[in-house]
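User: I would like to go through this structure with you, beginning with its strands and then turning to its interior. Could you take my questions one at a time?

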Amino acid sequence: MHAVEMAEEYPVVDLDSDGLAAVRLLAEHRLPGIVVTDATGCPQSILPASQVVRFLVPSYVQDDPSLAGVLDESMADRVADKLGGKPVRALLPEKPSELPRVQADDTIVEVAAIMARLRCPLVAVMEDKRLLGVISASRLLELALAHG
C-alpha cells in the first residue's frame, strides 16, 4: 500500500489564517494537528494541538506545574483573548520542526518511520510541491491492523 492510497482529505490553514479560527477547527474536529501551508498551498509546517495548548499556559506554569493550582478555571476567556487577531504563524514553534512529508509512492513502513522519527501525528503526502492529502497516526494504525 502506498501513501497516496492511505491519504485522506484533511483541513489545512495557511500561515496568515486567523489563529483563533484554526484553533476552533482543531477543537471542533478533535484533530491532533493541522497542516499549515504558504500562500501557494505548499505545506510549510504542522501545527500540533499540543503546541496550541502550550501557547495557552503561561511559561512560568510550564516551568513549575505546581503553580497551575493557583490559577482560576476561566481559561476559555483567556483563549480567545490570547489568540484574537493572531495569525497561525504566531502559534507555530519558534524553531520550526522538519515538516513531516512523504511521497505518494512511499510505503506504509516508510510513512511510519517518518512519523516515528519526527514524533508527529500527521504527515503530508506530496507529489512534487502539491499536497495530495494527509495521513494521521490513527489512520496509519487502522491500516496496519487491517493488513496485519
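**Sheet, helices and cores**

Analyst: This is a predicted model. An open sheet of three strands is present, with mixed pairing and the order S4-S5-S6.

User: Which strands stand at the edges?

Analyst: Strand S4 (101-103) and strand S6 (130-136) do. Each has a single partner strand, so one side of each is left without a neighbour in the sheet. The twist from one strand to the next averages 35 degrees.

User: In which sense do S4 and S5 pair?

Analyst: S4 and strand S5 (residues 122-127) pair in the parallel sense, over three bridges. Arginine 101 stands opposite alanine 124 in S5.

User: Which strands does helix H6 lie across?

Analyst: Helix H6 (residues 108-118) lies across S4, S5 and S6. Relative to S5, H6 runs at about 130 degrees.

User: Now the interior. How many residues has the largest nonpolar core?

Analyst: The largest nonpolar core has 22 residues. Those with the most contacts inside this core are Val13, Val36, Ile46, Leu47 and Val88. The elements giving two or more residues to this core are H2, S2 and strand S3 (43-48), and H2 gives the most, with four residues.

User: Which residues does valine 88 touch?

Analyst: Leaving aside residues up to four places away in sequence, valine 88 touches Val13, Asp14, Leu15, Ser17, Asp18, Gly19, Ala22, Val36 and Leu47. There is also a second, separate core of 10 residues, which includes Met6, Val102, Ile135 and Leu140.

User: Back to H2. Which of its residues are buried?

Analyst: In helix H2 (residues 19-28), the buried residues are Gly19, Leu20, Ala22, Val23 and Leu26. They fall within an arc of 160 degrees when seen down the axis of H2, so they line one face of the helix.

User: And what follows H2?

Analyst: Arginine 30 follows H2, and its phi is positive, near 50 degrees.

User: One last residue: is threonine 37 buried or exposed?

Analyst: Threonine 37 is found in strand S2 (residues 33-37). Its relative accessibility is 6%, and therefore threonine 37 counts as buried, the cut-off being under 20%.

User: What does threonine 37 touch?

Analyst: Not counting residues up to four places away in sequence, threonine 37 touches Val12, Val13, Asp14, Leu15, Cys42, Pro43 and Gln44. Val13, Asp14 and Leu15 are also among the residues that valine 88 touches.

Technical notes. Residues numbered from 1 in each chain as written. Predicted model: local features only at pLDDT ≥ 70, side-chain atom pairs only at ≥ 80, totals over all residues. Heavy atoms only, no water. Buried < 20%, exposed > 50% of the residue type's maximum accessible area, 1.4 Å probe, protein only. Arc of directions from axis to C-beta. Contact = heavy atoms within 4.5 Å. Core = buried A, V, L, I, M, F, W, Y, C linked by side-chain atoms within 4.5 Å. Pairing = 2+ DSSP bridges. Axes fitted to C-alpha atoms, helices over the stretch in contact; angles between N-to-C directions.
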